[in-house]
Amino acid sequence: MHNHVSTLLFLLFCYFAVSSPQEAAKEAKPSGGRYGAMVAVETEDDDASVEEEAAAEASSKKVTVDIDGEQDPSMEVFYPTKDWQTVKPGQSIPKGLHVRMNFETKMTEAKLMEGDDGMKYWKKGDREGIVNTKQKSFTRDELKEALKEFKAKRDDVQDVKIKEEALKKKFKSYEELKQDLKTMNLNVETDNEIITKLLELYKNDSISVDLRKNILSDLEYYLHQIDNAVDFSVMGGLDLVVKDLNHTDPQIRSEAAFVIGAAVQSNPRVQVKAIEAGAMQQLIRMLSIEKDLALRSRVLYALSCLQRHFPYAQTKFLKLGGMAVLTSLFTQPGTEKLQVKAISLTHDVLLEQQDVMQKSDLKDPHEKEKLRQYKSVHLREAMIEQGWCNYIPNLLVAQDHDTREKVLNAMELVLHNCKPNFAKSVGTLQQLKVEYEQLSYDERKEGDDDYFQKLVANLTNIISGLQSVNGAHRDEL
């Protein structure tokens with residue numbers, strides 16, 4: 001009879017040992033979740049022989065839970081106790097153990113720290129889990145607590161917390177910023193208010209040269225914005241700045257020219273105001289008499305901005321002798337950069353005229369008036385008359401591609417007017433074509449844009465035009 005009871009108890013133990021982990025796994029594993037497979041749960045068998053057997057088994061083999069997947073019997077995990085045990089090669093050692101090297105056996109040994117028991121966390125490669133060193137099974141509450149603590153100890157969670165704390169220390173909160181601004185009594189001003197204050201200060205003749213220069217520098221920054229420039233001109237600012245083109249200090253004259261260029265750029269309303277204020281006359285005079293190259297460069301910048309897309313200003317420039325002043329640059333040593341700027345300006349104006357004449361709708365009164373105004377700008381005739389057909393090719397010897405590009409563009413626009421003069425440069429043009437064909441080949445091979453290919457096309461058109469027989473030099477415009 002006693003044997004039958006023992007057999008029955010043994011079978012019950014086997015049933016709970018096999019079925020309970022499977023049921024617990026189904027209950028504890030969230031769908032698609034990383035933290036499933038909690039496979040060991042508390043058993044509730046009160047039989048004394050079962051408890052003794054379980055205790056005996058627990059002393060020899062502690063329970064582990066694989067957090068990343070189903071329980072893996074082949075996973076080599078070290079199960080620590082309060083006694084020293086040998087760590088087998090390849091076993092994963094949980095954190096927080098007392099580890100030593102046994103010099104007799106040459107093996108690593110480990111055990112729990114004094115007063116330490118309970119659950120330990122292990123990690124091996126991309127697998128990680130929990131070891132229960134206290135008893136064979138986990139209760140549901142123990143599993144929940146272990147999972148919470150495990151999540152809290154994960155590196156990615158810790159990294160996020162560390163980053164959050166670092167950001168809090170590095171940056172102030174919105175409330176802190178509001179309080180700082182309140183403490184500073186900061187009053188944010190609009191551009192219009194700033195320009196008004198600068199202009200009021202600028203009107204004071206007693207301010208120092210340095211302060212006047214700084215005000216002009218600040219104004220140049222703000223006047224690139226079209227609305228700001230319009231407001232500035234309405235306030236009478238242009239009249240004051242044009243007046244300072246005659247200032248005794250060259251730095252003030254330079255800053256004043258820079259401000260005018262910024263204000264009138266792509267701004268028709270301000271261009272008109274500048275012409276009315278006498279800016280064109282003053283700038284042409286400065287370009288002819290100033291010696292400083294940097295100052296003259298700013299003057300030429302202002303003249304260019306004042307004329308672009310403004311045929312009335314282009315006509316006025318020619319009437320005031322501006323073309324003669326530009327031509328004089330080609331006879332002055334050390335002015336190569338200014339010469340390139342002059343060529344670029346004339347090219348842009350000629351291109352404007354060509355576009356208007358090709359695209360104008362004569363049925364539109366506005367377009368018809370624009371065409372009439374551009375026809376009154378005799379820039380090409382002035383260039384031919386003053387010898388530009390000889391001056392332009394001289395800059396082909398420049399080493400930078402940007403200068404060559406500007407020169408070739410200008411040559412192509414006036415080719416029919418300057419054939420006899422340009423013919424002298426055929427040799428140079430052919431050499432440049434060979435150079436740019438090679439650069440264009442490298443450009444295509446490397447998958448870059450077609451910059452050099454465009455220069456090859458320009459050179460081809462110019463050389464072809466010079467070699468063709470065309471007795472009539474007609475004006476395309």
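**Exercise 1. State how much area the chain exposes and what share of it carbon and sulfur atoms supply.**

Solution. The exposed area of the chain is about 27700 Å², as found by the Shrake-Rupley method with a 1.4 Å probe. Carbon and sulfur atoms supply 53% of this area.

The model is predicted: local features need pLDDT of at least 70 and side-chain atom pairs count only at pLDDT 80 or more, while totals for chains, interfaces and linings use all residues. Residues are numbered from 1 along each chain as its sequence is written, and side-chain values use heavy atoms, with hydrogens and water left out.

**Exercise 2. Decide whether serine 288 is buried, partly exposed or exposed, and describe its surroundings.**

Solution. Step one is to locate the residue: serine 288 lies in helix H12, residues 279–289. Helices here are DSSP runs of H or I with at least four residues, numbered from the N terminus.

Step two is to apply the cut-offs. Buried means under 20% relative accessible area, exposed over 50%, and partly exposed in between, with a 1.4 Å probe and protein chains only. Serine 288 has a relative accessible area of 39%, so it is partly exposed.

Step three is to look at distances. A polar atom of the serine 288 side chain lies 2.7 Å from the backbone oxygen of arginine 285. The C-alpha atom of serine 288 is 8.3 Å from that of serine 328, although 40 residues separate the two along the chain.

**Exercise 3. Decide whether serine 440 is buried or exposed, and find its contacts.**

Solution. Serine 440 is found in helix H22, residues 426–445. Its relative accessibility is 1%, so serine 440 counts as buried.

Next come the contacts, meaning heavy atoms within 4.5 Å. Leaving aside neighbours within four places in sequence, serine 440 touches Phe452, Gln453 and Val456. With glutamine 453, the serine 440 side chain makes a side-chain to side-chain polar contact at 2.7 Å. Such a contact is a pair of N or O atoms within 3.5 Å; within protein, one must be able to donate a hydrogen and the other to accept it, and residues adjacent in sequence count only if both atoms are side-chain atoms.

**Exercise 4. Put these residues in the setting of the whole chain: what share of its residues is buried, and what share of the contacts join residues at least 24 apart?**

Solution. The chain has 477 residues, of which 40% count as buried. Among contacts between residues at least 6 apart in sequence, 65% join residues at least 24 apart.

Note on methods. Helices (H or I, at least four residues) and strands (E, at least two) are DSSP runs, numbered from the N terminus.
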